[in-house]
Amino acid sequence: MNEFLDALQWPAMVVTLVAAWLVASQRKGKRSWGFWCFIVSNVLWIVWGWHDGAYALIALQIGLFAMNLRGVRKNDPER
């Protein structure tokens, strides 16, 4: 299990990069997917940070999680 958690930083990094790419899109649908990918990456980073004792990273990801929820809501004002 420790090896899995140690390796979790790599998929977290990939999902974060994909999310940044999608959020930069001019298409609303892609931006929406980007914010949801960021939320997934926030969760992955929190799990990895907890395992590694990186509490500042966890605090950052909680703040970014809140901002990404705001991004989801602002991207679709009809919600």
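With a relative accessibility of 16%, W45 counts as buried, and that makes this tryptophan a friendly place to enter the structure. Before going further, keep in mind that you are looking at a predicted model. Its average pLDDT is 95, and 99% of the residues score at least 70.

Now look for the partner of W45. The ring of W45 pairs with that of W48 in an edge-to-face arrangement, with 5.9 Å from centre to centre and 85° between the planes. Both tryptophans belong to helix α3, which covers residues 28-52, and because they are three residues apart there, about one helical turn separates them. It helps to recall that an α-helix has 3.6 residues a turn, so residues three or four places apart point the same way. W48 is buried as well, at a relative accessible area of 13%.

How many aromatic pairs does the structure hold? There are two. The other one joins W50 and Y55, whose ring centres are 6.1 Å apart and whose planes meet at 85°, so this pair is edge-to-face too. Here the surroundings change: W50 is exposed at 61% relative accessibility, and Y55 is exposed with a relative accessible area of 52%.

Let us step back to see the whole fold. The protein has four helices and zero strands, and from the N terminus on the order is α-α-α-α. Its C-alpha atoms fill a box of roughly 40 × 20 × 15 Å along the principal axes. Of the 79 residues, 29% count as buried. If you consider contacts between residues at least 6 apart in sequence, 54% of them join residues at least 24 apart. Among the elements, helix α1 (residues 2-7) has the lowest mean pLDDT, 92, while α2 has the highest, 97.

Helix α2 is a good next stop. It has 15 residues and spans 21 Å from its first C-alpha to its last, close to the 21 Å expected at 1.5 Å a residue. Which residues of α2 are buried? They are A12, A19 and L22. These residues cover an arc of only 90° around the axis, which puts them on the same side of α2. The face turned away from that buried side carries the exposed residues W10, L17 and W21. As for what the buried residues of α2 pack against, the answer is α3.

L22 lets you follow that packing residue by residue. This leucine lies in helix α2, which runs over residues 9-23, and counts as buried at 17% relative accessibility. Leaving aside residues up to four places away in sequence, L22 touches K30, R31, W33, G34 and C37. You can also check the distance to W36: its C-alpha atom is 9.9 Å from that of L22, and the two residues are 14 apart along the chain.

On the other end of the chain, helix α4 shows a similar division of faces. It has 21 residues and reaches 30 Å from first to last C-alpha, close to the 30 Å expected at 1.5 Å a residue. Its buried residues are I58, Q61, N68, G71, V72 and N75. They lie within an arc of only 125° around the axis, which puts them on the same side of α4. On the other side, Y55, A56, A59, I62, M67, R73 and K74 are exposed; you have already met Y55 as the ring partner of W50. The buried residues of α4 pack against α3, just as the buried residues of α2 do.

One more link is worth finding on your screen. The structure has one salt bridge, in which the side chains of K28 and D76 meet at 3.8 Å, N to O. K28 lies in helix α3 and D76 in the segment after α4 (55-75), so this pair ties together parts that are 48 residues apart in sequence. K28 itself is partly exposed, with a relative accessible area of 40%.

To retrace the route, start at helix α3 with the edge-to-face pair of W45 and W48, move to the buried residues of α2 that pack against α3, then to those of α4 that pack against α3, and finish at the salt bridge between K28 and D76.

Terms used. Residues numbered from 1 in each chain as written. Predicted model: local features only at pLDDT ≥ 70, side-chain atom pairs only at ≥ 80, totals over all residues. Heavy atoms only, no water. Phe/Tyr/Trp six-rings, centres within 6.5 Å; stacked < 30°, edge-to-face > 60°. Helix = DSSP H or I, 4+ residues; strand = E, 2+ residues; numbered from the N terminus. Buried < 20%, exposed > 50% of the residue type's maximum accessible area, 1.4 Å probe, protein only. Contact = heavy atoms within 4.5 Å. Expected span 1.5 Å × (residues − 1). Arc of directions from axis to C-beta. Salt bridge = Lys/Arg side-chain N within 4 Å of Asp/Glu carboxyl O. pLDDT = per-residue confidence, 0-100.
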